[in-house]
Amino acid sequence: MSSDDFNLAVGDRLKVVREKARLLQPEFAERLGISPRAYANYERGERTITAEAIKALYEMFSVDPVWLLSGPGNDPRSIKTPTRPELLAEIIIKVEQHLARNRLKLPLEKKARLIVLLNQYIQLKGKVEDDHIEHVLSVSSL
């Protein structure tokens, strides 16, 4: 995905969040602590959103940064989405199986962070994708 495509996709998701909040661009920008012009550029995909703006979206509107940056779709996701225990259990089992199969050991703190990240992603997708878990674990185990 090119940076232009990325910025347009993020802009589309920003617009959805703003409209769901029933705010005009200047009002939304003010709540985020950024200029209306900067916000308009983000929403049009003409500028890459900053970490500060992402943090403000999380703090003010509970927007999941992973969803904002990568989707899927234009259905705003909250970081406060309840955890589905059956998916979390499946993630933990798959992580342990991958580590055992590849004779790998991860420090507990790193393993916990990976499980949290995978859980956030999978909560958004609604299902466990073995390929995604394998890819994340293979990259993280380097």
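In the predicted model, Leu99 touches Leu104, Leu106 and Lys111, when residues up to four places away in sequence are not counted. Leu99 is found in helix H6, and because its relative accessible area is 3%, under the 20% limit, the residue is classed as buried. The C-alpha atom of Leu99 is separated by 9.9 Å from that of Glu134, a residue 35 positions apart along the chain.

Glu134 also takes part in a salt bridge, in which its side chain meets that of Arg101 with an N to O distance of 2.6 Å. This pair links distant parts of the chain, Arg101 belonging to helix H6 and Glu134 to helix H8, with their positions 33 residues apart in sequence. The two partners fall into separate accessibility classes: Arg101, with a relative accessible area of 52%, is exposed, whereas Glu134, at 29%, counts as partly exposed. Helices H6 and H8 are also joined by Asp130 and Lys94, whose salt bridge has its closest N and O atoms 3.0 Å apart. Since Asp130 lies in helix H8 (residues 130–140) and Lys94 in helix H6 (residues 85–101), the pair ties together parts that are 36 residues apart in sequence. Asp130 is partly exposed, with a relative accessibility of 39%.

A search of the whole structure finds six salt bridges, and one of them is formed by Arg18 and Glu43, with the closest N and O atoms at 2.8 Å. Here too the pair links distant parts of the chain, for Arg18 is in helix H1 (residues 3–20) and Glu43 in helix H3 (residues 36–44), 25 residues apart. Both Arg18 and Glu43 are buried. In general, side chains of opposite charge can pair when their charged atoms come close.

Helix H3, which contains Glu43, has a set of buried residues made up of Ala38, Tyr39, Ala40, Asn41, Tyr42 and Glu43. The buried residues of H3 pack against H1, H2 and helix H4 (51–61). With respect to helix H2 (residues 25–32), the axis of H3 comes within 8 Å and the two cross at roughly 105°. This crossing angle falls in the interval from 65 to 115 degrees, so H2 is described as roughly perpendicular to H3. On the H2 side the contact is made by Gln25, Pro26, Phe28, Ala29 and Leu32, and on the H3 side by Pro36, Tyr39, Ala40 and Glu43. By residue class, this contact of H2 with H3 comprises seven nonpolar residues, one polar residue and one charged residue. Just after H3, Gly45 takes a positive phi of about 80°.

At the level of the whole protein chain, the secondary structure consists of eight helices and zero strands, so that, read from the N terminus, the order of elements is α-α-α-α-α-α-α-α. Of the 142 residues in the chain, 35% count as buried. Among contacts with a separation of 6 or more, 57% are accounted for by residues 24 or more positions apart. The chain exposes about 8700 Å², and carbon and sulfur atoms supply 54% of this area.

Note on methods: Residues are numbered from 1 along each chain as its sequence is written. This is a predicted model: local features need pLDDT of at least 70, side-chain atom pairs count only at pLDDT 80 or more; totals for chains, interfaces and linings use all residues. Side-chain values use heavy atoms; hydrogens and water are left out. Helices (H or I, at least four residues) and strands (E, at least two) are DSSP runs, numbered from the N terminus. Buried means under 20% relative accessible area, exposed over 50%, partly exposed in between (1.4 Å probe, protein chains only). Contact means heavy atoms within 4.5 Å. Accessible areas come from the Shrake-Rupley method with a 1.4 Å probe; for residues, only the protein chains shown count as cover. A salt bridge is a side-chain nitrogen of Lys or Arg within 4 Å of a carboxyl oxygen of Asp or Glu. Axes are lines fitted to C-alpha atoms, for helices over the stretch in contact, and angles run from 0 to 180 degrees between N-to-C directions. Angles under 35 degrees count as roughly parallel, over 145 as roughly antiparallel, 65 to 115 as roughly perpendicular and the rest as oblique. Ala, Val, Leu, Ile, Met, Phe, Trp, Tyr, Cys and Pro count as nonpolar, Asp, Glu, Lys and Arg as charged, and the others, Gly among them, as polar.
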